[in-house]
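Welcome, and thanks for taking a look at this one with us. Please have the sequence and the model open side by side as you read.

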Amino acid sequence: MAIVRNKVAVIGAGHVGTTLCYHLAAAQVCDDLVLINRNRDKAWAEVMDLRHSLGYTETKMSIREGTYADCSDADIVVFAVAAAYREGMTRLDMLDNAADILTEIIPQVMASGFDGIFVVITNPVDSLTLLVQKLSGLPDTRVIGTGTSLDSARLRVYLADLMDVDVTSVNAMCLGEHGDSMMIPWSQVSVGAKKFTEIVDDNPSLLHGQSFDDIEQDLVQVAYNIVRHKGATYYGIASVASRIIRAILNDENTVMPVSTMPHGEYGIRDLYLGLPAVLTGKGVKELVELHLTEEEQKRLNASAEVLEKAKARLQARTR
């Protein structure tokens with residue numbers, strides 16, 4: 001019987017794409033890795049550097065530079081291209097330029113015969129994941145954005161530091177837009193199986209005078225602050241993207257807050273936003289519908305409304 005190898009193609013050899021490739025290579029997440037970039041010399045150089053990182057490992061992993069034609073037999077194609085960013089911009093400010101880039105690329109990927117799963121990192125990720133799904137024609141269960149997985153990782157680290165516990169003891173997710181309208185369902189957050197709201201009730205001084213809203217705003221702003229000082233964020237997003245890819249390739253049934261399309265869950269339809277989803281080898285198997293408070297549902301609806309307006313912008317482009 002033939003040995004089946006899995007294959008991931010990453011489009012974009014910038015900071016995010018190459019850091020993701022390093023995560024995939026270091027953990028040997030896939031068997032075959034292809035890096036695709038408009039500047040093929042840059043892709044070649046990154047591939048050679050990645051291959052050299054395996055020089056003292058026992059691996060049969062293949063890493064090479066490629067073209068869109070190499071997506072034909074890929075299990076996963078990752079969009080890690082980025083639109084130009086200027087300080088002061090929000091993620092949604094990059095929508096038009098990023099949409100132009102993906103609108104050029106998607107038909108070329110589909111022309112290769114690709115029939116796998118798309119993972120979208122490019123910002124604004126929720127709007128662009130919707131664009132990828134519409135232009136590719138693939139089922140929405142097989143077009144997945146990184147969504148609020150990075151926001152959730154930041155929240156887990158924040159709470160672990162606050163509580164002085166290991167981050168694995170924190171169970172917390174952010175929902176909605178990966179952007180300024182992101183929201184935290186505090187009623188669902190727990191540390192060591194104890195509700196965080198109860199922890200705060202028992203220890204009123206824990207937040208040092210901050211409110212839950214203050215924490216949300218800190219998490220929204222942290223990405224902008226990182227970009228201001230180092231130019232881009234890439235370690236965090238590459239790590240969570242690698243985790244999503246591993247969950248798919250290993251058919252793990254792992255629950256992660258990704259950008260996905262609900263079909264009535266949370267009262268939302270035909271829109272991509274960050275929600276907890278079960279990830280398998282076929283993509284999103286189902287959504288996990290949390291029992292939100294009335295106020296939390298209102299805030300999720302408000303975030304969805306922001307993305308509805310961005311969706312209208314995308315639709316206007318095609319009229």
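What percentage of the 319 residues of the protein chain count as buried? The share is 51%. Please keep in mind that this is a predicted model.

**Overall build**

The protein chain holds nine helices and 12 strands. Its radius of gyration is 19 Å, close to the 20 Å that the globule rule gives for 319 residues, so the chain is as compact as a globular protein of that length. Measured out along the principal axes, the C-alpha trace spans about 55 × 55 × 45 Å. Among contacts with a separation of 6 or more, 70% are made by residues 24 or more positions apart.

On the outside, the accessible surface comes to about 14800 Å², and carbon and sulfur atoms own 49% of that area. As for charge, there are 30 positive and 42 negative charges, and the mean positions of these two sets are 5 Å apart.

**Cysteines**

The structure holds zero disulfides. Cysteine 21 is in no disulfide, and the nearest cysteine sulfur, that of cysteine 30, is 8.3 Å away. Since a disulfide needs sulfur atoms within 2.5 Å, that spacing of 8.3 Å is worth a look in the viewer. Cysteine 21 is buried, with a relative accessible area of 0%, and cysteine 174 is buried with a value of 0%.

**Backbone details**

Most residues other than glycine have a negative phi, and most peptide bonds are trans. Against that background, a few places in this chain deserve a visit. The peptide bond from asparagine 123 to proline 124 is cis, with omega near 0°. Proline 124 sits in the loop between β5 (117-120) and α4.

Two non-glycine residues with a positive phi are set out here:

| Residue | Phi | Loop | Relative accessible area |
|---|---|---|---|
| Glutamine 28 | near 50° | between α1 (15-26) and β2 (32-36) | 35%, partly exposed |
| Aspartate 251 | near 50° | between α8 (235-249) and β10 (254-260) | 45%, partly exposed |

**A stop in helix α4**

Leucine 135 is found in helix α4, which covers residues 125-136. Is leucine 135 buried or partly exposed? At 41% relative accessibility, leucine 135 counts as partly exposed. Leaving aside residues up to four places away in sequence, leucine 135 touches Thr103 and Ile106. Leucine 135 and valine 222 are 87 residues apart in sequence, and their C-alpha atoms are 32 Å apart in space.

Notes:
Residues numbered from 1 in each chain as written. Predicted model: local features only at pLDDT ≥ 70, side-chain atom pairs only at ≥ 80, totals over all residues. Heavy atoms only, no water. Helix = DSSP H or I, 4+ residues; strand = E, 2+ residues; numbered from the N terminus. Rg over C-alpha atoms; globule rule 2.2 N^0.38 Å. Buried < 20%, exposed > 50% of the residue type's maximum accessible area, 1.4 Å probe, protein only. Contact = heavy atoms within 4.5 Å. Areas by Shrake-Rupley, 256 points an atom, 1.4 Å probe, with all protein chains shown as cover. Lys, Arg positive; Asp, Glu negative; His and termini not counted. Charge placed at Lys NZ, Arg CZ, Asp CG, Glu CD.
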